[in-house]
Amino acid sequence: MAMKMKLVIFLCFLCRGVAPASASGTYNVMDFGAKADGTTDDSQAFLAAWKEACNSSGQAKVLVPVGTYFLNPVEFRGPCPGVQDLTFQFQASSYRIEHDSHTLSSSLLRL
């Protein structure tokens, strides 16, 4: 009986380590470190969420909750071979992009 329990626990850990990398789903930028405070650079969080979504399979969504995001220039690159459909979902009825008055190297995305 103890041996069967150890095998079940081992298989649970094994499956847990494999499933997230290939699963379809929603990738919330907040889960990747975005602060949405308008001052913290959220660029890396957006790129990390994109990368995970791009490396998934099936349908994937990058979720951007309501907030003010500070972004430096970012480029979302593919191809995403296992993904059938990849979308960004902004949780807002409207949004506005504001550029820094001195340069166009950074932007605020208000949702």
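Which residue of strand 3 is the bridge partner of Tyr 27? In this predicted model, the partner is Val 62.

## Strand pairing

The pairing of Tyr 27 with Val 62 belongs to a wider contact between two strands. Strand 1 and strand 3 run parallel and are joined by four bridges. Strand 1 covers residues 25-28, while strand 3 covers residues 58-64.

Strand 3 also pairs with strand 5: these two strands run parallel as well, with seven bridges between them. Val 62 takes part here too, since its bridge partner in strand 5 is Phe 88. Val 62 is thus bridged to Tyr 27 and to Phe 88. Strand 3 is largely enclosed by the rest of the structure, because five of its seven residues are buried.

## Nonpolar core

In soluble globular proteins, nonpolar side chains tend to be buried together. The largest nonpolar core of this model comprises 17 residues, and those with the most contacts inside it are Val 29, Phe 46 and Tyr 69. Helix 2, strand 3 and strand 4 are the elements that give two or more residues to this core. Helix 2 provides the largest share, namely six residues.

## Disulfide

A disulfide is a covalent bond between the sulfur atoms of two cysteines. One disulfide is found in a search of the whole structure. Cys 54 and Cys 80 form this link, with an S to S distance of 1.9 Å. The angle about the S-S bond is -105°, and the link is left-handed. The pair connects distant parts of the chain, 26 residues apart: Cys 54 lies in helix 2 (residues 43-54), and Cys 80 lies in the loop between strand 4 (68-71) and strand 5 (83-90).

Are the two cysteines buried or exposed? Cys 54 has a relative accessibility of 7% and therefore counts as buried, the limit being under 20%. Cys 80, at 17%, also counts as buried.

## Backbone features in the loops

Most residues other than glycine have a negative phi, and most peptide bonds are trans. Two places in the model call for attention in this respect. Ala 36 is not a glycine, yet it has a positive phi of about 55°. Ala 36 is located in the loop between strand 1 (25-28) and strand 2 (37-41). Its relative accessibility is 18%, so Ala 36 counts as buried.

The other place is the peptide bond between Gly 78 and Pro 79, which is cis, with omega about 10°. Pro 79 lies in the loop between strand 4 and strand 5, and Cys 80 of the disulfide is in that loop as well.

## Salt bridge

Side chains of opposite charge can pair when their charged atoms come close. The structure contains one salt bridge. It is formed by the side chains of Arg 77 and Glu 75, at 2.9 Å from N to O. Both Arg 77 and Glu 75 are exposed, in contrast to the buried Cys 54 and the buried Cys 80.

## Confidence of the model

The average pLDDT of the protein chain is 77, and 64% of the residues score at least 70. Residues 1-22 have a pLDDT below 50. Beyond near neighbours in sequence, this stretch makes four contacts in the model.

Definitions and conventions. Residues are numbered from 1 along each chain as its sequence is written. This is a predicted model: local features need pLDDT of at least 70, side-chain atom pairs count only at pLDDT 80 or more; totals for chains, interfaces and linings use all residues. Side-chain values use heavy atoms; hydrogens and water are left out. A salt bridge is a side-chain nitrogen of Lys or Arg within 4 Å of a carboxyl oxygen of Asp or Glu. Buried means under 20% relative accessible area, exposed over 50%, partly exposed in between (1.4 Å probe, protein chains only). A disulfide is a pair of cysteine sulfur atoms within 2.5 Å. A nonpolar core is a set of buried Ala, Val, Leu, Ile, Met, Phe, Trp, Tyr and Cys residues joined through side-chain atoms within 4.5 Å. pLDDT is the predictor's confidence in each residue, from 0 to 100. Contact means heavy atoms within 4.5 Å. Two strands pair if DSSP finds at least two bridges between them.
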